[in-house]
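Reader: I am new to this structure and should like to be guided through it. May we proceed by question and answer?

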Amino acid sequence: MIQQEKPTFDSLKQWKIFEHVPDVELKHIYKKLESRHYDHEETIIHEQTLGDHIFILTSGKVRIEKNIGEDRSEIIGYYDAVGGLFGEMALLEDKPRSAGMVADSDCTVLTVSKEDFLELVQSIPLFTLAVAKNISQFLRETDERLINELKDENDELRQTNYILQETQEAEITKERLALIGRMASTILHDMKNPMSTIGGYAQLIKMKKHSQDQLGDYADIISKQVIQFTKMAQDLLAFAQGGEQMQLKPVQAVEYIEECCDSLELKFSQRKISLERALDFQGEVRIDTGRFYRVLENIAVNALDVLNDDSHFIVRTEKVETGIRITLEDDGPGMLDEVKENAFKEFYTFGKRKGTGLGLAIVKRIVDEHDGVVSIESELGVGTKFIIDLPAVGHDLLPKSKHQIPIPFEKS
Ligand SMILES: Nc1ncnc2c1ncn2[C@@H]1O[C@H](COP(=O)(O)OP(=O)(O)OP(=O)(O)O)[C@@H](O)[C@H]1O
Ligand SMILES: [Mg+2]
């Protein structure tokens, strides 16, 4: 800061603040008035100090700063009203400065001592009014600036919120499309099964003459497969529209498994593999009959892929503590440990030319949806056993800790 030559007495009246101060008082002030120059970035007022002057800005721009701790300060505004007062509040309130003032450019100011200032405020109402106007103008400008800042922040927030919402929606759509894609590949996989059954029966009908009864049986099986196929298509649609609807209903377990075996029978007899049944269970299970058939079918089709003619495939049902246990057992080559560990994972296939690796992932998923547990026991050269435990009607849900294999196919 350097003191510089005072302006002439006559020029004081150009500043609004002195407009109404009578010459006698003004002369008195003029004597003690200082004109100062501050360099750019020089501190004019230190925060928290007790003020002994007020300042009249005669040129330049001042920055108002507030300490926010750790030697850091925040800009809370600027003051560039030439002829306006600053630094008067602390004098009026007789409190330490609540903010600091820094020259935001080279500045010149006139200073009036605290005593003179207070004397003028007390004795000249028009001067007091000019000070009050100065204060209220500053407050109004600060208000407007804060409101504008708030508005800008609000707009920014709204914009961020909007972008966030858009991103979220895009994410959900992406996830949904991925799930629909997965579901579609599942359905396409499972379409192979009813299609091959229908194809098989169509060929059988063509091959030789059949009794009316036999033809009726074949027609029944074909229409069951068509129903099964339609169900899958409906699943896909339902899924695309927002989730598959499980249709669990209580059924007589043995009766239902028997029917499933009937539907699988042809696939086995064509290969001269016996499908044996040892069905023992009194009671009902809650099952989505269409969907659960795919569990048995996928396991059976896998067995057919590895079994030699004249092998055996046995379907058992029995009562266990938690409900019903369905076991599907073959006397095929068995699985390597690595295959057993990964068999339920999506797209895991081993030793097949055309396997998509979805069959057992679907099995796992459907059993999960029935609150059941599926596991594999397999021994090389001996055979493979799929064990499915389902809660029977009247039993509590199976504890999930019984899952032996990590869930490969997350529920949508
Ligand atoms: N009964 C079984 N005996 C031996 N290995 C089996 C048996 N069942 C399944 N596997 C093995 O488990 C793997 C995974 O079976 P999964 O049904 O999931 O897929 P995939 O049959 O290869 O293909 P997809 O069923 O999708 O056409 C099979 O590739 C096969 O190696
Ligand atoms: Mg398979």
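Reader: In which hand does H7 pass H9?

Author: The model under discussion is a predicted one. In it, the axes of helix H7 (residues 289-306) and H9 come within 9 Å and cross at roughly 150°. The hand of the crossing in which H7 passes H9 is left-handed.

Reader: How many nonpolar, polar and charged residues does the contact of H7 with H9 have?

Author: On the side of H7, the contact is made by Arg291, Phe292, Arg294, Val295, Asn298, Ile299 and Asn302. H9 contributes Gly359, Leu360, Ile362, Val363, Ile366, Val367 and Glu369. Sorted by class, these residues comprise 8 nonpolar, 3 polar and 3 charged.

Reader: How far apart are the axes of H6 and H7?

Author: Two packed helices are described by the angle between their axes and the distance between the axes. For H6 and H7 the angle is about 40°, and their crossing is right-handed. The distance between the axes of H6 and H7 is 10 Å.

Reader: Which residues of H7 meet H6, and how many nonpolar residues does the contact have?

Author: From H6 come Tyr256, Ile257, Cys260, Ser263, Leu264, Lys267 and Phe268. In H7 they meet Thr289, Phe292, Tyr293, Leu296, Glu297, Ala300, Val301 and Leu304. By class, the contact of H6 with H7 has 2 polar and 2 charged residues, and the nonpolar ones number 11.

Reader: In which order do the strands of the open sheet lie?

Author: The sheet has 5 strands, and their pairing is mixed. Strand E11 (274-279) and strand E15 (373-379) are its edges, each pairing on one side only. Neighbouring strands are turned by 15° against each other on average, direction ignored. The order is E11-E13-E14-E16-E15.

Reader: Which strands does helix H6 lie across?

Author: Helix H6 covers residues 253-270 and runs at about 175° to E11. Helix H9 (residues 359-369) also packs on the sheet, touching E15 and E16, and its direction makes about 140° with that of E15. The strands that H6 lies across are E11, E13 (312-320) and E14.

Reader: What is the bridge partner of Thr327 in E16?

Author: Strand E14 (residues 323-330) and strand E16 (residues 383-391) run antiparallel. They are joined by 8 bridges. In E16, the partner of Thr327 is Ile387.

Reader: Which residue takes a positive phi in the hairpin of E15 and E16?

Author: E15 and E16 pair in the antiparallel sense over 7 bridges, and Ser378 has Thr384 in E16 as its bridge partner. E15 is mostly covered, with 5 of its 7 residues buried. The hairpin has 3 residues between the strands, and the one with a positive phi, near 80°, is Gly381.

Reader: Is Asp310 buried or exposed?

Author: Most residues other than glycine have a negative phi, and most peptide bonds are trans. Asp310, in the loop between H7 and E13, nevertheless has a positive phi of about 65°. Its relative accessible area is 60%, and the cut-off is over 50%, so Asp310 is exposed.

Reader: What is the relative accessible area of Asp371?

Author: Asp371 is found in the loop between H9 and E15. Its phi is positive, near 60°, in a residue other than glycine. Asp371 is partly exposed, with a relative accessible area of 27%.

Reader: How far apart do the C-alpha centres of domain 1 and domain 2 lie?

Author: The chain is divided into domain 1 (2-123) and domain 2 (246-412). Their C-alpha centres are separated by 89 Å.

Terms used. Residues are numbered from 1 along each chain as its sequence is written. Chains are lettered from A and ligands numbered from 1 in the order in which they are written. This is a predicted model: local features need pLDDT of at least 70, side-chain atom pairs count only at pLDDT 80 or more; totals for chains, interfaces and linings use all residues. Side-chain values use heavy atoms; hydrogens and water are left out. Two strands pair if DSSP finds at least two bridges between them. Helices (H or I, at least four residues) and strands (E, at least two) are DSSP runs, numbered from the N terminus. Axes are lines fitted to C-alpha atoms, for helices over the stretch in contact, and angles run from 0 to 180 degrees between N-to-C directions. Contact means heavy atoms within 4.5 Å. A crossing is left-handed if the near helix is turned anticlockwise from the far one by less than a right angle, and right-handed if clockwise. Ala, Val, Leu, Ile, Met, Phe, Trp, Tyr, Cys and Pro count as nonpolar, Asp, Glu, Lys and Arg as charged, and the others, Gly among them, as polar. Domain bounds come from an automatic or database domain assignment. Buried means under 20% relative accessible area, exposed over 50%, partly exposed in between (1.4 Å probe, protein chains only).
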